[in-house]
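Could you walk me through this model in my viewer, one selection at a time? I would like to know what to click on next and what I will find there.

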Amino acid sequence: MRLTVIVAIVVLVIGLIALIRAQRINRASIERDGLARFRDAFRGRYPELLLAQVYAYLAERHGAVGPHYLVNPNDNLESEYALIDLDLEDAVLVIADRAGARLPRANELDELKAKVHSVDDLLRYLEPFFRPEVVRG
C-alpha cells in the first residue's frame, strides 16, 4: 500500500514537471510567432527595419517584453494603444529616431490626425521616411 502511494506521487510529480516544461516550450513558440506574424502580414510592402521598429514600439506600449505580443494590421491605434494627437506624433518621432530614419517635419506631422488610424496606416505613413535615400547616414 505504502509503495503504491509513493509510486503514485512520483508519477504525479513527473507529470507536473512534464506539463510545466510543455507550457514553457509553447510559450517560447508563441513568443517567436508574434514578431514573425507581424512581419509576414506586411512582407514585401515595407522595409524590415520599419516593421521591426513599429512592432517593438507597439509591443512596448502595451508593456510586452520580447517578440511575443500580437500586433494586427487592422488594430486601431487609438483604442488598442491609446495613440492619439501628441502621443501619435511622439510615436512617429520615436520610431523614426530609433531606426535612424529621417524625422518628419512639423508640416508632415500635421497629416497624422487625418491619415493615421490603424497599424497599417502608421506603416504607410512612416514608409517614405525609411527609404534608403532619406535615412540618415
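Start by selecting Asp 85, which is partly exposed because its relative accessibility is 44%, a value between the 20% and 50% cut-offs. You will find Asp 85 in helix H4. Check its backbone while you are there: phi is positive, at about 50 degrees, although Asp 85 is not a glycine. For background, most residues other than glycine have a negative phi.

Next, click on Ala 82, in the loop between helix H3 (77–81) and H4. Ala 82 also has a positive phi without being a glycine, in this case near 55 degrees. With a relative accessible area of 43%, Ala 82 is partly exposed.

A word on confidence before moving on. You are looking at a predicted model, and the protein chain has an average pLDDT of 83, with 86% of the residues scoring at least 70. Which helix has the highest confidence, and which the lowest? Confidence peaks in H7, at 94, and is lowest in helix H1 (residues 2–42), where the mean is 79. As a rule of reading, predicted coordinates should not be read in detail where pLDDT is low.

So that the next stops make sense, select H7, residues 119–126. Is this helix enclosed or open to the outside? H7 is largely enclosed by the rest of the structure, because seven of its eight residues are buried. To see them, colour Val 119, Asp 120, Asp 121, Leu 122, Leu 123, Tyr 125 and Leu 126.

Keep H7 on screen and add H4, residues 85–99. The two axes come within 11 Å of each other and cross at roughly 55 degrees, which means that H4 is oblique to H7. The crossing of H4 past H7 is right-handed. Which side chains should you display here? On the H4 side, show Leu 88, Val 92 and Ile 95; their partners in H7 are Leu 122, Tyr 125 and Leu 126. This contact consists of six nonpolar residues, with no polar and no charged ones.

Now hide H4 and bring in helix H2, residues 48–61. H2 and H7 pack with their axes 11 Å apart, at an angle of about 135 degrees, and the pair is therefore oblique. H2, too, passes H7 in a right-handed crossing. Leu 50, Leu 51, Val 54 and Leu 58 are the H2 residues that make this contact, and Val 119, Leu 122, Leu 123 and Leu 126 are those of H7. Here the contact divides into eight nonpolar residues, no polar and no charged.

For the last stops, follow the chain into the segment after H7, where you will find Glu 127. Is Glu 127 buried or exposed? Glu 127 counts as buried because its relative accessibility is 17%, under the 20% cut-off. Which residues does Glu 127 touch, leaving aside neighbours within four places in sequence? Those contacts are Tyr 46, Pro 47 and Leu 50. You have already met Leu 50, one of the H2 residues in the contact with H7.

Finally, select Pro 128, also in the segment after H7. Pro 128 counts as partly exposed, at 31% relative accessibility. Draw a distance from its C-alpha atom to that of Arg 102: the separation is 9.0 Å, although the two residues are 26 apart along the chain.

Notes
Residues are numbered from 1 along each chain as its sequence is written. This is a predicted model: local features need pLDDT of at least 70, side-chain atom pairs count only at pLDDT 80 or more; totals for chains, interfaces and linings use all residues. Side-chain values use heavy atoms; hydrogens and water are left out. Axes are lines fitted to C-alpha atoms, for helices over the stretch in contact, and angles run from 0 to 180 degrees between N-to-C directions. Helices (H or I, at least four residues) and strands (E, at least two) are DSSP runs, numbered from the N terminus. Angles under 35 degrees count as roughly parallel, over 145 as roughly antiparallel, 65 to 115 as roughly perpendicular and the rest as oblique. A crossing is left-handed if the near helix is turned anticlockwise from the far one by less than a right angle, and right-handed if clockwise. Contact means heavy atoms within 4.5 Å. Ala, Val, Leu, Ile, Met, Phe, Trp, Tyr, Cys and Pro count as nonpolar, Asp, Glu, Lys and Arg as charged, and the others, Gly among them, as polar. Buried means under 20% relative accessible area, exposed over 50%, partly exposed in between (1.4 Å probe, protein chains only). pLDDT is the predictor's confidence in each residue, from 0 to 100.
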